[in-house]
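Please open the model in a viewer and keep the selection panel at hand. The stops below say what to select next and what is to be found there.

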Amino acid sequence: MTEIEIGRGKRGRRAYAFDDIAVVPSRRTRDPKEVSIAWQIDAYRFELPFLAAPMDSVVSPAQAIAIGNLGGLGVLNLEGLWTRYEDPQPLLDEIAELADEAAATRRLQEIYAEPIKAELIGQRIKEVRDSGVVTAAALSPQRTAEFSKAVVDAGVDVFVIRGTTVSAEHVSGAAEPLNLKQFIYELDVPVIVGGCATYTAALHLMRSGAAGVLVGFGGGAAHTTRTVLGIQVPMATAVADVAAARRDYMDESGGRYVHVIADGGVGYSGDLAKAVACGADAVMIGAALARATDAPGRGFHWGMEAVHEELPRGKRVDLGTVGTTEEILTGPSHTPDGTMNLFGALRRAMATTGYSELKEFQRVEVTVNPALHHG
């Protein structure tokens, strides 16, 4: 790919966000009813190709169950309020009432200073598991070694290791680093790991035995990673690079398929279609679901980056509400801006371009138009 000269001493690739590209119609169209958007990872099949982001504003145990019943996969944040407090509801109510953003960050730091309790991890996973839906839960790489036994003992179906950026080689002089390959090999459940945003990093994660790789960091609605650390990779380019790594890893491994999951920058239904067009098998959704009237955050949205005790890289944002979780996922929509009926829109985008399966839609033609921005 052509590099652009930034100055005499530095060159860089031109990279594209979802806003910079668009899907191109083909010569064929089909009936949306004939389109399948089902997704399968390991032994688990889902009618909707998405994971709800492990964020306290998006997924509670009750919401994980509701999302599972609607055909998706709700991922519980095992470092959030639900594993620190027996009853976090009063704190969720308080977070929604905090007026000043600076005060909100300080108060979030105080609330999340409460230690994580292993017995609550087991209790929350059991709540979801007892409902009969596929149970997924997430830890950061830093906490995985400490709490993974409690997670597996509780009977999780899919384990997610999610950080701002996750590498197969985490270098630390202070503590024994997580050996991802050994950890995944010893675990008896499929592991989804990320984020990563480059071909090389993705290839390393795929070689660790992961069932899926999360693509992206710094692009979510509640992130300020770009402002604080200067780190961000535009999502269309990141997904396409990681999809290329998946293709090459399939050749290298003799056909082992690793799922590519776009995590970040999928705020509207059109972004979802563009993520799949760039090579994603599924998406991880945060902000779009935080807009649900029944979401734990009640229209407010924040991630673990916002509560870091030394360097917050996120904030509580007020997204407002647009409708129920069901309306946001499968409609009907009452808004013309792509915030509702996300998967009805994906189905229609595939029908309009003549594709009936997600893997086929990954081959759709796209065009680059940097003027394409929401507004």
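Select helix H10 (residues 269-277), in which Ser269, Asp271, Leu272, Ala273, Lys274, Ala275, Val276 and Ala277 are buried. Because 8 of the 9 residues of H10 are buried, the helix is largely enclosed by the rest of the structure. The model on display is a predicted one. Just after H10, select glycine 279, which has a positive phi, near 125°.

**From H10 to the core**

Keep Leu272, Ala273 and Val276 visible and add leucine 346: these three residues are among its contacts beyond four places in sequence. Also in contact with leucine 346 are Ile37, Pro49, Leu358 and Phe361. Leu346 is itself among the residues with the most contacts inside the largest nonpolar core, together with Phe50, Phe159 and Phe343. This core has 98 residues. Which helix gives the most to this core? Select H9 (residues 235-253), which provides 7 residues. Another core, of 13 residues, lies apart from the largest one; Leu92, Ala96, Trp302 and Val307 are among its members. In general, nonpolar side chains of soluble globular proteins tend to be buried together.

**The barrel**

Next, show the strands S6-S7-S8-S9-S10-S11-S12-S13. In that order they form a closed barrel of 8 strands with parallel pairing. From one strand to the next, the twist averages 25°. Helix H7 (residues 199-207) packs on the sheet, where it touches S10, S11 and S12 (259-263). The direction of H7 makes about 165° with that of S10.

Select S10 (residues 191-196) with S11 (residues 212-215): the two strands pair in the parallel sense over 4 bridges. Valine 193 and valine 213 of S11 stand opposite each other. While S10 is displayed, inspect the peptide bond from glycine 194 to glycine 195, which is cis with omega near 15°. Glycine 195 belongs to S10.

Moving on to S12, how many of its residues are buried? The count is 5 of 5, so described as a mostly covered strand. His259, Ile261 and Asp263 point one way from S12, while Val260 and Ala262 point the other way. In a regular strand, side chains alternate between the two faces of the sheet. On one side, S12 pairs with S11 in the parallel sense over 4 bridges, and glycine 212 stands opposite histidine 259. S12 is also joined to S13 (residues 282-285) by 3 bridges, again in parallel. There, the bridge partner of isoleucine 261 is alanine 282.

**Serine 57 and its surroundings**

Select serine 57 in the loop between strand S6 (50-52) and helix H1 (61-69). Is serine 57 buried or exposed? Serine 57 counts as buried, because its relative accessibility is 0%. Its side chain makes a polar contact of 2.8 Å with the side chain of histidine 301. The side chain of serine 57 also reaches the backbone nitrogen of tryptophan 302, at 3.3 Å. Beyond four places in sequence, the contacts of serine 57 include Ala290, Ala295, Pro296, Gly297 and Phe300.

From there, select arginine 298, in the loop between helix H11 (287-290) and strand S14 (300-301). Arginine 298 has a positive phi, near 55°, although it is not a glycine. With a relative accessible area of 37%, arginine 298 is partly exposed.

**Helix H3 and helix H2**

Select H3 (residues 101-111) and colour Ala104, Thr105, Leu108 and Ile111, which are buried. These residues lie on the same side of H3 because they cover an arc of only 130° around the axis. Add H2 (89-97), the helix against which the buried residues of H3 pack.

**Remaining stops**

Show S1 (residues 3-7) and S2 (residues 10-13), which pair in the antiparallel sense over 4 bridges. A hairpin of 2 residues joins S1 to S2, and glutamate 5 has arginine 11 of S2 as its bridge partner.

Next comes aspartate 42, in the loop between strand S4 (39-41) and strand S5 (44-46). Aspartate 42 is a residue other than glycine with a positive phi, near 55°.

End at proline 332, in the loop between helix H12 (325-330) and helix H13 (342-352). The peptide bond from glycine 331 to proline 332 is cis, with omega near 0°.

Definitions and conventions
Residues are numbered from 1 along each chain as its sequence is written. This is a predicted model: local features need pLDDT of at least 70, side-chain atom pairs count only at pLDDT 80 or more; totals for chains, interfaces and linings use all residues. Side-chain values use heavy atoms; hydrogens and water are left out. Two strands pair if DSSP finds at least two bridges between them. Axes are lines fitted to C-alpha atoms, for helices over the stretch in contact, and angles run from 0 to 180 degrees between N-to-C directions. Contact means heavy atoms within 4.5 Å. Buried means under 20% relative accessible area, exposed over 50%, partly exposed in between (1.4 Å probe, protein chains only). The arc is that of the directions from the helix axis to the C-beta atoms. A nonpolar core is a set of buried Ala, Val, Leu, Ile, Met, Phe, Trp, Tyr and Cys residues joined through side-chain atoms within 4.5 Å. A polar contact is a pair of N or O atoms within 3.5 Å; within protein, one must be able to donate a hydrogen and the other to accept it, and residues adjacent in sequence count only if both atoms are side-chain atoms.
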